[in-house]
Amino acid sequence: MTYLAQGPRVALRRLQVQDYEELSLLNRESAELLGPWMPGAPIITWDAFENYLSRLEQPTHEALFICLVETGAIVGRANVNDIIRGSRQTGTLGYSAYASTTGRGYMTEGLGLVVQFSFGELALHRLEANIQPANTPSLNLIKRLGFQKEGYSTNFQFINGAWRDHERWAITIEMLSASNRKP
């Protein structure tokens, strides 16, 4: 398997049509974990998967899987959405872990690779992440990666039948360089 970026335990690769069955199973098994935080149902049906694929054909979206280096099994997913080029060079980071592999550090390592890929291959200057205040595991993850809280967005995104508030976190290439650390 050819990876876009690789760490000691996990690596990044792009979404493929062949991923439908594995992604569908992971989302089904993780529905309780993901449900409160995701806008819409997790991708389970073929139609939902096809819609996801068609969205990714746009230059404003990039989907990456975080996989175990040894087996290639998917342990997480990251999207860089709403990519804006020109004077902003920014994107919005979305991600999800899966119930069967949480708590092992795979997402910290994997999202660190996503940040590096975004600032390198995608030539972005800034990544933003919007997280519901009650999603403590996600907030802790983003903090570990060096993102800084920028603000609070009231009624930011429609999730589970209601507009939900989100905290806005961001990292720039300078912030990553200034901390002299690789996520």
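**Entry 1: strands 4 and 5**

I began with strand 4 and strand 5, which pair in the antiparallel sense over seven bridges. Two strands count as paired if DSSP finds at least two bridges between them; strands (E, at least two residues) and helices (H or I, at least four) are DSSP runs, numbered from the N terminus. This is a predicted model, where local features need pLDDT of at least 70 and side-chain atom pairs count only at pLDDT 80 or more, while totals for chains, interfaces and linings use all residues. Residues are numbered from 1 along each chain as its sequence is written, and side-chain values use heavy atoms, with hydrogens and water left out.

I looked up one pair across the ladder and found Arg-77 opposite Ser-96 in strand 5. The two strands form a hairpin with five residues between them. In the turn, Gly-86 has a positive phi of about 85°.

**Entry 2: the other side of strand 5**

Strand 5 runs parallel to strand 6, and four bridges join them. I noted Leu-93 with its bridge partner Ala-129 in strand 6, and Gly-91 opposite Leu-127. Strand 5, helix 4 and strand 6 make a right-handed β-α-β unit; right-handed means that, with the strands pointing away from the viewer, the path from the first strand over the helix to the second runs clockwise.

Is strand 5 enclosed or open? Six of its eight residues are buried, so strand 5 is largely enclosed by the rest of the structure. Buried here is under 20% relative accessible area, exposed is over 50%, and partly exposed is in between (1.4 Å probe, protein chains only).

**Entry 3: the whole sheet**

Stepping back, I traced eight strands in an open sheet, ordered 1-2-3-4-5-6-8-7, with mixed pairing. Strand 1 (5–6) and strand 7 (148–159) stand at the edges with a single partner strand each, so one side of each has no neighbour in the sheet.

**Entry 4: two cores**

Next I looked for nonpolar cores, meaning sets of buried Ala, Val, Leu, Ile, Met, Phe, Trp, Tyr and Cys residues joined through side-chain atoms within 4.5 Å. The largest has 34 residues, and Tyr-95, Leu-111, Ile-142 and Phe-147 have the most contacts inside it. Helix 4 gives the largest share of this core, eight residues.

I followed Leu-111 further: leaving aside neighbours within four places in sequence, it is in contact (heavy atoms within 4.5 Å) with Ile-66, Ala-78, Leu-93, Tyr-95, Leu-141 and Leu-145. A second, separate core of 15 residues includes Tyr-20, Phe-49, Phe-65 and Tyr-98.

**Entry 5: aromatic rings**

How many aromatic pairs does a search of the whole structure find? I got three. Rings of Phe, Tyr and Trp (its six-membered ring) pair if their centres lie within 6.5 Å; planes under 30 degrees apart are stacked, over 60 edge-to-face and the rest tilted. Trp-46 and Phe-49 make a tilted pair, 5.5 Å centre to centre with 40° between the planes. Both lie in helix 3 (residues 46–56), three residues apart, about one turn of the helix. Phe-49 is buried at 0% relative accessible area, whereas Trp-46 is partly exposed at 35%. Tyr-20 joins these two in one aromatic cluster.
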